[in-house]
Amino acid sequence: MHDAVSLEGQDRATAIIVTTEFLHEAEVQRDALGMAELEPVVITHPLSTLSDEEIGHRAAEAAEQAKKIWLGKA
Amino acid sequence: MPLDAPNTGHVVYDPRGIVEATAIPLGKRVADLNGLRLGILSNKKWNGNNLLRKTRAILEDEIDFAAVNFYEKESFSKNADPGLLGEIIADNDIVLTAIGD
Amino acid sequence: MARQKTVESRPVESVVSDGVDLVEWYYEKGFSDGFPVAPPTPEKIAATVDALGGDGDYVEARVPPRWGSLTREVLAINMVMAGCKPDYGPVVRAAMLALCSPAFNLHGVQATTHMASPLLVVNGPIRKKLEINAGHNVFGSGNRANATIGRAIRMILLNVGGGWPGDLDKSTLGSPAKYTYCIAENEELGYLAPYHVEKGFTEDDSTVFVMPAEPPHSVTNHVADDPEGILDSIVSAMSTIAHNNAVSAGHCAVVIGPEHAAVMAKYQWTRHDIKNYLWYQATNTFGEVAFQHRYGKVYNRSLPKWYKRDVDARIPVVPSAEHIHLFCAGGEAGRFSAFIPGWGHMASPVLRELDGKAPAGGGMVCEDGTCYL
């Protein structure tokens, strides 16, 4: 989240992908860093143990949300 | 938390300390994704690069980016090097990054 | 822009009625590490803040991942709850400042799914002053300083840092080291130069070393009577793909028990000799680390680029001898040592003199009194 806050601070709209298991941490971080409006892209946990095909599904989840975040429609 | 305090009572303490934050506004949003430069920042976590590659491929099917630039952090658990962030800011309009898994 | 307090703003102290069971009150509020806390009193907190230099509102650090403000008063509250004496204050503070340095990456250590917990090793005269145990049962129970200094650190990481299990602390298994993990080095035996002296401090300096660490792995060797034989047993403990160093590089620690250290001294093996032997001999094959590519072709970006990626290539468990942090500790009876894996390249151990003084001998990059290893 630190990276995303730095990038957003320079007007680079940033879509950060986290898994569901780490969403709370991401929210605590962005609040502590002062950027309460920063919404992450949330995909189903886990990621590290997935097959190639399953990663493809996660990518589809991510792509849809990323577009909305960049366009301000999240 | 303050509680009812009849009599003299016992003093109790909250060991957590406060969280102070300076409010920072979100960056500007974009109106149209076509023609923009997309920066992709990977944290090198297992399957992270694969996820970002596939997400990029899906996005590129619909969006005509002016450029797509790929970057890797030194470590998945640390903040990106300021020099790397500077490079990303200079060369991109929007960013996609992966962290928590 | 003016700093704004969040809606978490609340009084540090309040009052409950005489009939309240204070031990239960702290449990009910969720401020305990699982063990009963010692309910703080104004007198104990004042004494601890005094030992820290006064000014209870002074912010020593902000503790991730919650980024709570660790004022001297809040530090004192957690210390008293943990059972610390006020005199322990400078050690607990130095440890927290070290942990909150950027190189240590406390945020990552708090949040990881790995079981890593900060290991604290104390060197210098402060050990004797505070009676921190460096002898028998050094990693175990029975000593107030070891138990409560380590516990105070963990309580700060919970309460101020927000590292609660299952919430922001994602550790799959945790470990007993998440209750307390504090030892002193046994410098008096003289078998090895003290750790902090190796790093450029003087014997009269008191320092804290912190490293994210797995619990100790016992190494038994009751047979060898030469350095190589003993160290080969430690090498055996290191040369496995099971711990995090094998797959994520980074730093580790080795604690040599006094009977083993006496053999090193007899043959005049120095710290340099021991660390280099361990580093050179402790290896896995890349194939073992890559599971023989059974689950897909593995490169593993967490390992240094210069590790050869051939399945038969032997790669070191840690990237250099300087990634092995060597201590002599434990009782004088028993032929045991311990290997302590670290978390990986994601964090660096750090070393700090209690008052943030730089080492007279130089040799390290130090920032705000904390030296990077």
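## Leu99(C), helix α2(C) and the contacts of chain A

In this predicted model, Leu99(C) touches Phe104(C), Leu106(C), Pro118(C) and Val210(C), leaving aside residues up to four places away in sequence. Leu99(C) belongs to helix α4 of chain C, which covers residues 89-99. The residue is buried, because 27 other C-beta atoms lie within 10 Å and the cut-off for a buried residue is 20 or more. Asp312(C) lies far along the chain from Leu99(C): the two are 213 residues apart in sequence, and their C-alpha atoms are 38 Å apart in space.

Helix α4 of chain C also has a part in covering another helix. That helix is α2(C), residues 42-51, in which Ile45(C), Thr48(C), Val49(C) and Ala51(C) are buried. These four cover an arc of only 155 degrees around the axis, and therefore sit on the same side of α2(C). Among what covers the buried residues of α2(C) are α3 (72-82) and α4 of chain C. On the other side of α2(C), Pro42(C) and Glu43(C) are exposed. Just after the helix α2(C), Gly53(C) takes a positive phi, about 110 degrees.

The next topic is how the chains meet. Chain C touches chain A through eight residues, which are in contact with six residues of chain A. On the side of chain C that touches chain A, four residues are nonpolar, one is polar and three are charged.

Between chains A and B, 44 residues of chain A are in contact with 36 residues of chain B. On the chain A side, the elements that give two or more residues are α1 (2-9), β1 (13-19), α2 (23-32) and α3 (52-71). Of these, α3(A) gives the most, with eleven residues. By class, this side of chain A has 25 nonpolar, ten polar and nine charged residues.

Strand pairing also links chains A and B. Strand β1(A) pairs with strand β5 of chain B, residues 94-98, in the parallel sense and over five bridges. Which residue of β5(B) is the bridge partner of Ala15(A)? The partner is Leu96(B). Strand β1(A) is thus named twice here: it is one of the elements that give two or more residues to the side of chain A that touches chain B, and it pairs with β5 of chain B.

Note on methods. Residues numbered from 1 in each chain as written. Chains lettered and ligands numbered in written order. Predicted model: local features only at pLDDT ≥ 70, side-chain atom pairs only at ≥ 80, totals over all residues. Contact = placed C-beta atoms within 7 Å. Nonpolar A, V, L, I, M, F, W, Y, C, P; charged D, E, K, R; others polar. Pairing = 2+ DSSP bridges. Buried ≥ 20, exposed ≤ 12 C-beta atoms within 10 Å, placed from the backbone. Arc of directions from axis to C-beta.
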